[in-house]
Amino acid sequence: MRDFVTLMKIPGLALVIATQLAARFPAGMYSLGLLMHVEHTQGNYTSAGIVLAAFSIGMAIAGPIVSRQLSRFGTMPVLVVTLVISSASFGLLAALNLPLAGQAALAAIGGAAMPPVIPAVRTLYPVMAPQRMLTALFNLDAALQELIWVFGPVLITLLVAGFGTSTALLVVVAIQVAGGLLFALAPRVRRLVIPAATRKLGRVLQNPSVVLMMFASMLMIGSFASIEAAVVATFGEGSVNAGIVLAISSIGSLLGGLLAGNRQLTRWSLTLRLLVVVSGFAVATATSGFVGLSIALFVAGLGIAPALAAVSSVIARAVDLSDTAEAFGWIGTGQLIGTSIGSALAGIAIDAQGGHGGILVSVAICALAVVVSAVFRKAQPDMKLPIEDDL
């Protein structure tokens with residue numbers, strides 16, 4: 001905790017952390033909000049799935065492209081322009097009675113124009129904090145982001161129950177605008193200058209560390225998506241128990257990120273942290289009750305934030321500042337692909353074997369992530385080698 005206290009003494013860092021959380025908060029609300037809104041307006045979940053797919057595809061394709069523009073046009077202009085386009089798209093989707101094609105088109109535009117908050121802030125962190133404190137900072141960031149997944153789904157559910165899907169989505173849009181502006185206008189964000197990228201789009205994928213982290217993230221997030229679907233299927237759609245179990249997992253992740261602190265990373269760190277996750281998922285295969293699943297997913301959660309923090313730390317160490325934003329854009333693309341694959345495979349398994357089948361899928365995908373991170377661990381930079389602090 002001393003490391004976290006030291007970090008908060010860095011001028012402007014606490015404000016950046018708080019505002020980026022506010023800007024990212026809608027991420028915990030849009031997917032569920034769109035699902036409920038489209039199902040309500042179109043009358044079926046197939047249509048909702050199509051719109052959510054358009055939303056994810058838009059983000060996956062545009063993520064690296066939009067992130068790269070941070071170094072070309074400046075951080076604040078890119079953040080503000082994308083915020084305007086994205087919020088306007090979701091606002092129209094919520095306010096207008098559109099056919100399915102129109103909703104899918106707006107969802108794709110809104111997803112593609114999602115402000116690149118994560119690439120921006122994770123490019124800014126190494127500029128603000130000494131290198132020796134980056135591991136602690138990324139752990140803190142990964143832990144705090146779990147607040148988005150604890151409170152976001154609960155808030156959107158309450159908004160829909162109280163005001164209907166259209167109003168609920170408009171409230172999310174308002175939160176996106178307010179949080180996005182707070183982050184874009186923060187002094188350190190406005191002053192962030194990312195050196196112009198000199199290589200063509202995609203050349204950063206020639207870096208083995210980026211490719212490894214992209215695939216590891218894809219598998220990691222795919223396993224999370226699988227377990228989420230499995231939990232919902234186990235307790236039934238709309239069950240409060242499902243939400244509580246997933247929230248407990250997020251609390252475990254929050255605690256894990258804080259406990260990881262400034263522990264020195266090695267080439268085995270990601271593998272060991274993923275082992276914690278897969279161990280929790282494996283325990284979940286032996287139980288179907290509320291208490292058993294809560295304990296299992298709490299254990300799995302202890303490794304989630306530290307694993308995500310390890311990915312961010314590797315990218316920050318292995319990639320030049322001019323390419324960092326694009327690299328994090330590719331990490332985001334990998335995670336979105338993982339979400340789609342994990343959800344699809346879990347859906348097939350759930351139809352065949354119920355929630356237990358979805359849990360088995362999550363174990364298999366996460367186990368593959370462990371194998372990949374272990375076999376290709378030497379593709380990472382040696383995190384033990386000292387490097388000179390920028391501050």
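These legends introduce a predicted model of a protein, starting with the whole fold and moving on to its aromatic rings.

**View 1. The whole protein is built with 17 helices and 0 strands.** Along the principal axes, the C-alpha atoms fill a box of roughly 55 × 45 × 35 Å. The radius of gyration is 20 Å, which agrees with the value near 21 Å for a compact globule of 391 residues. Of the contacts with a separation of 6 or more, 84% join residues 24 or more positions apart.

**View 2. Here we look at the inside and the surface of the protein.** Buried residues make up 53% of the 391 residues. The protein exposes about 16200 Å², and carbon and sulfur atoms supply 69% of that area. As for charges, there are 20 positive and 14 negative ones, with mean positions 9 Å apart.

**View 3. Phenylalanine 55 meets phenylalanine 90 in one of the 5 aromatic pairs found in the whole structure.** The pair is edge-to-face, with 5.7 Å centre to centre and 70 degrees between the planes. Phenylalanine 55 belongs to helix 4 (residues 45-73) and phenylalanine 90 to helix 5 (residues 75-95), so the pair ties together parts that are 35 residues apart in sequence. Phenylalanine 55 is buried at 5% relative accessibility, and phenylalanine 90 is buried at 1%. Together with Tyr30, Phe55 and Phe90 form one aromatic cluster.

**View 4. Tyrosine 125 and phenylalanine 138 form an edge-to-face pair.** Their ring centres are 5.9 Å apart and their planes stand at 70 degrees. Tyrosine 125 sits in helix 7 (residues 117-128) and phenylalanine 138 in helix 8 (residues 134-144), 13 residues apart. Tyrosine 125 is buried, with 0% relative accessibility; phenylalanine 138 is buried too, at 1%.

Methods:
Residues numbered from 1 in each chain as written. Predicted model: local features only at pLDDT ≥ 70, side-chain atom pairs only at ≥ 80, totals over all residues. Heavy atoms only, no water. Helix = DSSP H or I, 4+ residues; strand = E, 2+ residues; numbered from the N terminus. Rg over C-alpha atoms; globule rule 2.2 N^0.38 Å. Buried < 20%, exposed > 50% of the residue type's maximum accessible area, 1.4 Å probe, protein only. Contact = heavy atoms within 4.5 Å. Areas by Shrake-Rupley, 256 points an atom, 1.4 Å probe, with all protein chains shown as cover. Lys, Arg positive; Asp, Glu negative; His and termini not counted. Charge placed at Lys NZ, Arg CZ, Asp CG, Glu CD. Phe/Tyr/Trp six-rings, centres within 6.5 Å; stacked < 30°, edge-to-face > 60°.
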